[in-house]
Amino acid sequence: MTYPENVNKKSVQQEWDSAAACAGKKEGASGLDKDIQWYDHICDNYEEAEEFITQHDSGWYDQLAVKYRTYPELSSKKMTDMKNRLEKAKARLDELNGFHFANAKSQYVGCKKCGSKLSLRYMKSNYCPLCKADLRPESKLASIKSVEDKIYKLALDIGKEERLLEKKSKAKSTVQWLVKVEYHS
Ligand SMILES: [Zn+2]
């Protein structure tokens, strides 16, 4: 169970004592076998708190509590904008990288590297089947390069913004208690 940092520890104890008494009525239980042990230690996150409790648990009806941090999910308009722009740029790159000669008016394309004259009727790729040279015109390759540069820069900026948001998130973290109780039923 989780509780806010400033929870009334006595009332949590009472809550679980009654639960245990109720569950173990037939066996004459009057509450938890042991009192909850409240560790004054703050774990970095929920998983760490679970780990902490597992390590401190003797396995014999231990009642344990430890503090841990929770972080708000932070987002910014800048981040949303950049992610949208990245998606668009990626879609544009896919489009640019499609088969360039799909709607070509000529029947043939010449390979500047090996000098082959290739029939577009049988071509499915932008590369020369003989020498693997890129057959697309310079202007097309330049557009592709420019979109790739844009994607690279956006990815860097998104990474920077993410780290900034993480920092803010840490500053705005709140502390909660993770309480583990165990009783017969
Ligand atoms: Zn070639």
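**Close-up views of a predicted model**

**View 1. The two cysteines C128 and C111 in the predicted model.** C128 counts as buried, at 1% relative accessibility. C111 has a relative accessible area of 4% and is buried as well. Both values fall in the buried class because that class takes in residues under 20% relative accessible area. The disulfide count for the model comes to zero. In general terms, a disulfide is a covalent bond between the sulfur atoms of two cysteines.

**View 2. The largest pocket and its lining.** The space in this pocket comes to about 180 Å³. C111 is one of the lining residues, alongside G110, K112 and K113. The lining also takes in A133, D134, L135, R136, P137 and E138, together with L141. Sorted by class, these are five nonpolar, one polar and five charged residues. The buried residue C111, at 4% relative accessible area, thus appears both here and in View 1.

**View 3. Strands β2 and β3 with the helix between them.** Strand β2 covers residues 37-43 and strand β3 covers residues 64-70. The two strands run parallel and are joined by five bridges. One of the residues to look for is W38, whose bridge partner in β3 is A65. From β2 the chain passes through helix α2, residues 46-56, before it reaches β3. This β-α-β crossover is right-handed.

**View 4. Strand β6 between its pairing partners β1 and β3.** Strand β6 spans residues 174-180, and five of its seven residues are buried, leaving the strand mostly covered. With β3, strand β6 pairs in the antiparallel sense over seven bridges. In that pairing L64 has K180 of β6 as its bridge partner. Strand β1, residues 2-4, also pairs with β6 in the antiparallel sense, here over three bridges. The bridge partner of T2 in β6 is L178. Strand β3 is thus antiparallel to β6 and parallel to β2.

**View 5. The largest cavity and the residues around it.** The count of cavities of 30 Å³ or more comes to one. About 40 Å³ of space lies in the largest cavity. Its lining includes A20, G24 and A29, as well as G31, L32 and D33. Y183 and H184 complete the lining. By class the lining has four nonpolar, three polar and one charged residues.

Key: Residues are numbered from 1 along each chain as its sequence is written. This is a predicted model: local features need pLDDT of at least 70, side-chain atom pairs count only at pLDDT 80 or more; totals for chains, interfaces and linings use all residues. Side-chain values use heavy atoms; hydrogens and water are left out. On a 1 Å grid over the protein atoms alone, a cavity is a set of points where a 1.4 Å probe fits but cannot get out, and a pocket is an open set with protein on both sides within 12 Å along at least five of seven lines; lining residues have an atom within 4 Å of a point. Grid points are joined across faces, edges and corners, and a volume is the space filled by probe spheres set on the points. Ala, Val, Leu, Ile, Met, Phe, Trp, Tyr, Cys and Pro count as nonpolar, Asp, Glu, Lys and Arg as charged, and the others, Gly among them, as polar. A disulfide is a pair of cysteine sulfur atoms within 2.5 Å. Buried means under 20% relative accessible area, exposed over 50%, partly exposed in between (1.4 Å probe, protein chains only). Two strands pair if DSSP finds at least two bridges between them. Helices (H or I, at least four residues) and strands (E, at least two) are DSSP runs, numbered from the N terminus. A crossover is right-handed if, with the strands pointing away from the viewer, the path from the first strand over the helix to the second runs clockwise.
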